[in-house]
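Colleague: Please give me a close look at one part of this model, the way its pieces pack. Take it slowly and residue by residue.

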Amino acid sequence: MKKLDSILDKIEEILCTLFVMVMAFAILIQVINRNTVQLSFTWGEELARYCMVWLTFIGISAGVKQGSHIGVDALLNALPANVQKGFRIVVSLIVTGLYLYMTVLSVEITLGIRETRQVSPAMQVPMYIVYAGLIVGMFMSTLRSLQATADVLMSTAETDEKMSGGDAL
């Protein structure tokens, strides 16, 4: 599990760094050209926008890892400790299932866009490449959510073992 975590960390780091750098460079070129030679490239804004799309979906995965997505835990905190454990497991499984479902939907959407042969207006890039960020982000989020579910299950098993005096089967 730690190896998968390390691989996903590296992928997120590389992709996010790449997209931020490309986005910043495209915007910088756009600003310099607009202010020096009074010439504006239409592709710069489009490239920056598509980099932001990819960053957003990869960022979802990073947010899953850090547990930084919004959640309401007022009800959870009001429950007894043993019920909280079960509730956390159920919620974690539901969230993982939702990410998996969104991954499947993102593949269907992207393949549908691919069939239309739609291209972006300025760069003439096939739009399915832009939509592929949805697949990558949702798939990575599914993997991160599986990791979080495993962590919840392991922490529940460790707590149960401690409570029983270490003689759990």
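Modeller: Helices are DSSP runs of H or I with at least four residues, strands are runs of E with at least two, and both are numbered from the N terminus. The model is predicted: local features need pLDDT of at least 70, side-chain atom pairs need 80 or more, and totals for chains, interfaces and linings use all residues. Numbering starts from 1 along each chain as its sequence is written, and side-chain values use heavy atoms, without hydrogens or water.

Confidence comes before geometry. pLDDT is the predictor's confidence in each residue, from 0 to 100. The protein averages 90. Of its residues, 92% score at least 70. Among the elements, helix H4 (residues 81-116) has the highest mean pLDDT, at 95. Helix H3 (residues 74-78) has the lowest, at 85. Where pLDDT is low, predicted coordinates should not be read in detail.

Now the packing of H1 and H2. Helix H1 covers residues 2-36 and helix H2 covers residues 42-66. Their axes lie 9 Å apart, at an angle of about 155°. (Axes are lines fitted to C-alpha atoms, for helices over the stretch in contact; angles run from 0 to 180 degrees between N-to-C directions.) That angle makes H1 roughly antiparallel to H2. The bins are under 35 degrees for roughly parallel, over 145 for roughly antiparallel, 65 to 115 for roughly perpendicular, and oblique for the rest.

Which residues make the contact (heavy atoms within 4.5 Å)? From H1 come Asp5, Asp9, Glu12, Leu15, Cys16, Phe19, Val20, Val22, Met23, Ala26, Ile27 and Gln30. H2 supplies Gly44, Glu45, Leu47, Ala48, Cys51, Met52, Trp54, Leu55, Ile58, Ser61, Ala62 and Lys65. The residues of this contact divide into 16 nonpolar, 3 polar and 5 charged. Here Ala, Val, Leu, Ile, Met, Phe, Trp, Tyr, Cys and Pro count as nonpolar, Asp, Glu, Lys and Arg as charged, and the others, Gly among them, as polar.

Two further H1 residues are worth a look. Phe25 lies in H1. With a relative accessible area of 51%, Phe25 is exposed. The cut-offs are under 20% for buried, over 50% for exposed and in between for partly exposed, with a 1.4 Å probe and protein chains only. Ile29 also sits in H1. At 24%, Ile29 is partly exposed. The C-alpha atoms of Ile29 and Ser40 are 9.1 Å apart, with the two positions 11 residues apart in sequence numbering.

The loop between H1 and H2 holds Gln38. Gln38 is not a glycine, yet its phi is positive, about 55°. Gln38 is also exposed, at a relative accessible area of 64%. A second loop, between H4 and helix H5 (127-163), holds Gln124. Phi of Gln124 is positive too, near 60°, again in a residue other than glycine. Gln124 is partly exposed, with a relative accessible area of 49%.

That loop leads to the H4 and H5 side. Thr110 belongs to H4. Its relative accessibility of 5% counts as buried. Leaving out residues up to four places away in sequence, Thr110 touches Tyr128, Tyr131, Ala132 and Ile135.

Ile135 is placed in H5. Ile135 is partly exposed, at 23%. With the same kind of exclusion, up to four places in sequence, Ile135 touches Ser106, Val107 and Thr110. Phe57 is 78 residues from Ile135 along the chain, yet their C-alpha atoms are separated by 8.5 Å. Phe25 and Ile135 are 110 residues apart in sequence, with 25 Å between their C-alpha atoms.

Leu134 is in H5 as well. Leu134 is buried, with a relative accessible area of 17%. Apart from neighbours within four places in sequence, Leu134 is in contact with Phe57 and Ser106. For a long span, take Leu134 and Lys2: 132 residues apart along the chain, with C-alpha atoms separated by 25 Å.

Key
Contact = heavy atoms within 4.5 Å.
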